[in-house]
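Trainee: I would like a close look at a single part of this protein, set against the rest of the chain. Please take it slowly.

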Amino acid sequence: MTLAIELPADQHGTGNWLPVCDPSTLVPGRGVAALLPDGTQAALFLDRTGHPYAIDNRDPFTGAYVLSRGLTGTANGRPFVASPLLKQRFDLETGVCLDDPGVSVPVYRVREVGGEG
């Protein structure tokens, strides 16, 4: 199996699923960055229950591609990653900054694809 993220919809309104990594490369609480075809980056995370998340890797406060290196946690039941630079927390499900709700990062849907056989 491979984890794939859904890229933004094309002109026909359908998104494309891009395989990005083997699920075994993700460790709960630690992120992994993936380079996307358009040159942007996604940050992938796995929570302690095995649920994967993917958000944009670019910290909107600094412009640095570092969110995959952030610390993960929960606040009021919401999974988040805290930027390693200025410590703003981003909801892994919605991309909204928990410390400044007027700021957000793009979120990607994640699913397992492929298999053997």
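Trainee: In which loop is the place of Asn76?

Mentor: The model is a predicted one. Asn76 has its place in the loop between strand S6 (71-75) and strand S7 (78-82). Its backbone deserves a remark: phi of Asn76 is near 55°, a positive value in a residue other than glycine. Asn76 counts as exposed, because its relative accessibility is 83% and the cut-off for exposed is over 50%.

A second residue with this backbone feature follows further along. Lys87, also not a glycine, has a positive phi of about 75°. Lys87 lies in the loop between S7 and strand S8 (89-91), so S7 has Asn76 in the loop before it and Lys87 in the loop after it. With 51% relative accessibility, Lys87 counts as exposed.

Now the chain as a whole. The protein chain has 10 strands and 0 helices, and from the N terminus its elements run β-β-β-β-β-β-β-β-β-β. For 117 residues, a compact globule would have a radius of gyration near 13 Å, and the 14 Å of the protein chain agrees with that. Along the principal axes, the C-alpha atoms fill a box of roughly 45 × 35 × 25 Å. Of the contacts with a separation of 6 or more, 34% are between residues 24 or more positions apart.

The surface comes next. The protein chain exposes about 6600 Å², and carbon and sulfur atoms supply 50% of that area. There are 9 positive and 13 negative charges, and the mean positions of the two sets are 7 Å apart.

As for the interior, buried residues make up 35% of the 117 residues. In soluble globular proteins, nonpolar side chains tend to be buried together. The largest nonpolar core here has 12 residues: Leu3, Ile5, Leu7, Cys21, Leu26, Ala34, Leu36, Ala42, Leu44, Leu46, Ala54 and Tyr108. Strand S1 (2-6) and strand S4 (41-46) are the elements that give two or more residues to this core. S4 provides the largest share, 3 residues. Apart from this core lies another, of 10 residues, among them Leu67, Phe90, Leu92 and Cys97.

One member of the largest core can be followed further. Leu7 touches Gly15, Asn16, Leu18, Leu36 and Pro37, when residues up to four places away in sequence are not counted. Leu36 is itself listed in the largest core. Pro8 is found in the loop between S1 and strand S2 (17-21). Pro8 is exposed, with a relative accessible area of 60%, whereas Leu7 belongs to a core that by definition is made of buried residues. Pro8 and Leu67 are 59 residues apart along the chain, and their C-alpha atoms are separated by 20 Å.

Back towards S6, from the other side. Thr62 lies in the loop between strand S5 (52-56) and S6. With a relative accessible area of 37%, Thr62 is partly exposed. Leaving aside neighbours within four places in sequence, Thr62 is in contact with Leu85 and Leu86. Thr62 and Leu85 are 23 residues apart in sequence, and their C-alpha atoms are 8.0 Å apart in space.

Two valines complete the picture. The place of Val103 is in the loop between S8 and S9. Beyond its neighbours within four places in sequence, Val103 is in contact with Pro60, Phe61, Gly95, Val96 and Cys97; one of these, Cys97, belongs to the core of 10 residues. Val103 and Tyr53 are 50 residues apart in sequence and 19 Å apart in space, C-alpha to C-alpha.

Val107 is found in strand S9 (residues 107-108) and, at 34% relative accessibility, counts as partly exposed. With neighbours within four places in sequence left aside, Val107 is in contact with Ala54, Ile55, Leu92, Glu93, Thr94 and Gly95. Among these contacts, Ala54 is listed in the largest core and Leu92 in the other core. From Val107 to Thr40 the separation is 67 residues in sequence and 13 Å in space, C-alpha to C-alpha.

To return to your starting point: Asn76 is an exposed residue in the loop between S6 and S7, with a positive phi.

Technical notes
Residues are numbered from 1 along each chain as its sequence is written. This is a predicted model: local features need pLDDT of at least 70, side-chain atom pairs count only at pLDDT 80 or more; totals for chains, interfaces and linings use all residues. Side-chain values use heavy atoms; hydrogens and water are left out. Helices (H or I, at least four residues) and strands (E, at least two) are DSSP runs, numbered from the N terminus. The radius of gyration is taken over C-alpha atoms; the globule rule is 2.2 Å times the number of residues to the power 0.38. Buried means under 20% relative accessible area, exposed over 50%, partly exposed in between (1.4 Å probe, protein chains only). Contact means heavy atoms within 4.5 Å. Accessible areas come from the Shrake-Rupley method with a 1.4 Å probe; for residues, only the protein chains shown count as cover. Lys and Arg count as positive and Asp and Glu as negative; His and the chain ends are not counted. The place of a charge is taken as NZ of Lys, CZ of Arg, CG of Asp or CD of Glu. A nonpolar core is a set of buried Ala, Val, Leu, Ile, Met, Phe, Trp, Tyr and Cys residues joined through side-chain atoms within 4.5 Å.
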